[in-house]
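Me: I would like to go through this structure and ask why certain labels are used. Please set each value against its cut-off.

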Amino acid sequence: MALQAGGSAADGTEAPLLSTSAAPGTTMPAGGGTAPRRNRFAFVCATLASMTTMLHSYNLTLMSGAQLFIREDVGLSDAQVEVLTGSMNVFMLVSILAAGWVADRLGRRCVLVIATSFLMVGALAMSLGGSYATLMAARFVTGIGAGFARVVAPVYNTEISPPSTRGVLSSLLNIFINLGVLLSYVSNYAFSGLPVHLGWRVMYGVGVVPPVFIAAGILLMPESPRWLAMRGRHGDARAVLVRISDTSTEADLRLSEIKHAVAQQPEQHALAGSTHGGGSVWKELLLRPSASLRRILLCVLALQFFVPASGVEAILLYSPLVFKAAGMTSTAAALGVTVAIGAVKMCFILLGVLLTDRLGRRPLLLASTAGVAATTAALALTLAVGGASAAAQAVCVAAVLAVVAAYSVGYALVVNTYSAEILPLRLRAQGLGVGVAVNRLASGLVTMTFISVADAITMPGCFFMYAAVTAVAFVFVHARLPETKGRSLEDMDVLFNK
């Protein structure tokens with residue numbers, strides 16, 4: 001049973017709620033009002049939801065080092081390695097496009113449990129696979145779980161967060177995504193000394209247990225108050241809002257705004273079992289969007305495209321190959337450097353989390369896109385003229401770390417938060433699903449063609465191309481993106497109508 005302060009009775013009537021004056025964690029000042037406080041319960045809920053994306057990134061990025069051993073053990077060609085490495089991004093499209101519809105009917109929490117189940121089964125299947133076909137099937141199962149997690153976790157975090165800390169709580173997703181990346185690099189390095197046929201299996205095998213505990217924690221979370229309000233369960237919604245808001249007054253205000261937003265399109269929020277609502281959502285989203293919604297969709301889709309098109313995922317998944325192109329011959333040394341990449345990524349993500357609600361989304365995006373463009377161009381130049389000396393290898397490593405740092409402090413951090421918060425409630429799950437689908441399709445294109453493109457135009461040519469794309473992203477952010485820091489989710493339509 002979810003941890004809630006009140007709810008609806010079995011017959012659909014609203015059960016009595018706990019007094020807002022007794023909300024957990026609330027202190028009462030002498031004047032009788034509720035004192036503002038940072039809400040710990042919302043933090044716990046957002047943390048549990050975010051852990052599902054850690055499982056996704058672990059299984060995705062683990063291929064960076066595992067491919068070196070799978071290639072030898074299973075006997076794969078370069079083309080098969082390329083497809084196996086990047087295919088999970090394409091497989092995710094199946095669940096990404098369905099995630100919004102499923103989350104609107106089953107609830108955000110239920111879909112997160114489904115996601116962890118697929119991720120657990122996928123990791124187990126990878127560890128037991130013995131052929132190219134079985135490994136591809138395992139990547140497909142993992143991709144289904146990853147797609148659900150990538151869409152629904154940011155929706156849940158956005159909807160569960162008070163406005164005062166929405167940037168931080170939404171950014172927890174990126175922290176756990178990067179924790180998964182770091183753990184995958186550590187796993188690559190830690191088990192690289194095992195026999196070839198065993199090491200990569202253990203790497204995936206250790207990813208089987210965490211989903212069980214994460215799923216158990218998710219079952220204790222409350223459902224999203226906005227999803228509850230969409231189902232007409234206003235008593236349940238208010239009970240959750242009391243627990244996740246900074247004050248009881250804020251909880252009442254948030255409930256009023258949510259009810260008003262739901263009332264704008266009542267036919268789109270029919271109870272579970274109705275198909276009319278989902279159809280109306282997709283028609284409004286894709287066929288007849290308003291002027292403000294067109295601007296919102298342009299921002300979401302462009303940002304979600306530019307992130308993978310920057311080429312950083314090629315660095316994350318093929319960094320050992322990049323270092324070998326710079327003259328690094330030791331596999332152990334290349335895998336050791338990837339651990340440093342994960343550590344730098346995590347440190348700068350944490351820095352970005354501290355800054356996102358202080359500086360705002362737009363300044364971080366501008367600084368990050370400019371930084372990624374400059375450092376990626378520097379990496380390309382290093383690979384083009386550096387040679388194979390120890391000094392050239394050190395410069396290459398420094399350039400890669402600089403790209404990852406510039407990317408992590410804003411670009412990787414802010415895009416998911418910004419995309420989730422600007423989409424209106426009635427379209428949030430489906431709209432974010434379309435955005436993440438574009439993200440994963442672009443990512444799959446980059447990661448499934450990196451080796452081939454590098455052979456065709458050289459590896460420096462690849463990174464010069466990625467730098468140019470990121471420079472275009474900087475121009476787009478500067479010209480098209482308004483600041484959203486501190487604004488109510490229900491106020492975004494007004495912002496994009498200006």
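Reply: A salt bridge is a side-chain nitrogen of Lys or Arg within 4 Å of a carboxyl oxygen of Asp or Glu. The side chains of Asp252 and Arg238 meet that rule, with 2.9 Å from N to O. The pair joins distant parts of the chain, Asp252 in helix H11 (residues 248-264) and Arg238 in helix H10 (residues 234-244), 14 residues apart. This is a predicted model.

Me: Why is Arg238 called buried or exposed, whichever applies?

Reply: Buried means under 20% relative accessible area. Arg238 has 17%, so Arg238 is buried.

Me: And what makes Asp252 partly exposed?

Reply: Partly exposed covers what lies between the buried limit of under 20% and the exposed limit of over 50%. Asp252 has a relative accessible area of 36%, and therefore counts as partly exposed.

Me: How do you know that Arg71 forms a salt bridge with Asp78?

Reply: The closest N and O atoms of Arg71 and Asp78 are 2.3 Å apart, and the limit is 4 Å. Arg71 is partly exposed at 23%, and Asp78 is partly exposed at 43%.

Me: What makes Arg361 and Glu421 a salt bridge?

Reply: Their closest N and O atoms are 3.0 Å apart, set against the cut-off of within 4 Å. This pair also links distant parts of the chain: Arg361 belongs to helix H16 (residues 361-385) and Glu421 to helix H17, with their positions 60 residues apart. Arg361 has 1% relative accessibility, so Arg361 counts as buried. Glu421 is buried too, because its relative accessible area is 1%.

Me: Which residues are joined into one network by salt bridges, and how many salt bridges does the structure hold?

Reply: Asp104, Arg108 and Glu159 are joined into one network by salt bridges that share partners. The structure holds 9 salt bridges.

Me: Now the helices. Why are H14 and H17 called roughly antiparallel?

Reply: Two packed helices are described by the angle between their axes and the distance between the axes. Helix H14 (residues 312-325) and helix H17 (residues 390-422) pack at about 170°, and their axes are 11 Å apart. That makes H14 roughly antiparallel to H17, because angles over 145 degrees count as roughly antiparallel. The crossing of H14 and H17 is left-handed.

Me: What makes H13 and H17 roughly antiparallel to each other?

Reply: Helix H13 (residues 291-309) packs against H17 at an angle of about 150°, with the axes 10 Å apart. The cut-off is over 145 degrees, so H13 and H17 are roughly antiparallel to each other. Their crossing is left-handed.

Me: What is noted about the phi of Thr458?

Reply: Most residues other than glycine have a negative phi. Thr458 has a positive phi of about 75° although it is not a glycine. The place of Thr458 is the loop between helix H19 (450-457) and helix H20 (459-480). In space, the C-alpha atoms of Thr458 and Ala384 are 8.9 Å apart, while the two are 74 residues apart in sequence.

Me: Why is Thr458 called partly exposed?

Reply: Thr458 has 45% relative accessibility, so Thr458 counts as partly exposed. Exposed would need over 50%.

Me: Where is Met448, and what makes it partly exposed?

Reply: Met448 sits in the loop between helix H18 (428-447) and H19. At 24% relative accessibility, Met448 counts as partly exposed, because buried means under 20%. Met448 and Gln80 are 368 residues apart in sequence and 9.5 Å apart in space, C-alpha to C-alpha.

Me: How do you know whether Val262 is buried or exposed?

Reply: Val262 has a relative accessible area of 11% and is therefore buried, the limit being under 20%. Val262 lies in helix H11. From Val262 to Trp227 the C-alpha distance is 9.8 Å, and the two are 35 residues apart in sequence.

Me: Which residues form the nonpolar patch on the surface, and why can Val212 belong to a patch?

Reply: Val209, Val212 and Phe213 form the nonpolar patch, with about 300 Å² of accessible area together. Patches are made of residues with over 30% relative accessible area. Val212 has 43% relative accessibility, so Val212 passes that limit and counts as partly exposed. Val212 is found in helix H8 (residues 210-218).

Notes. Residues are numbered from 1 along each chain as its sequence is written. This is a predicted model: local features need pLDDT of at least 70, side-chain atom pairs count only at pLDDT 80 or more; totals for chains, interfaces and linings use all residues. Side-chain values use heavy atoms; hydrogens and water are left out. Patches are made of residues with over 30% relative accessible area and no salt bridge: like charges are joined within 9 Å, nonpolar side chains (Val, Leu, Ile, Met, Phe, Trp, Tyr) within 5 Å. Accessible areas come from the Shrake-Rupley method with a 1.4 Å probe; for residues, only the protein chains shown count as cover. Helices (H or I, at least four residues) and strands (E, at least two) are DSSP runs, numbered from the N terminus. Buried means under 20% relative accessible area, exposed over 50%, partly exposed in between (1.4 Å probe, protein chains only). Axes are lines fitted to C-alpha atoms, for helices over the stretch in contact, and angles run from 0 to 180 degrees between N-to-C directions. Angles under 35 degrees count as roughly parallel, over 145 as roughly antiparallel, 65 to 115 as roughly perpendicular and the rest as oblique. A crossing is left-handed if the near helix is turned anticlockwise from the far one by less than a right angle, and right-handed if clockwise.
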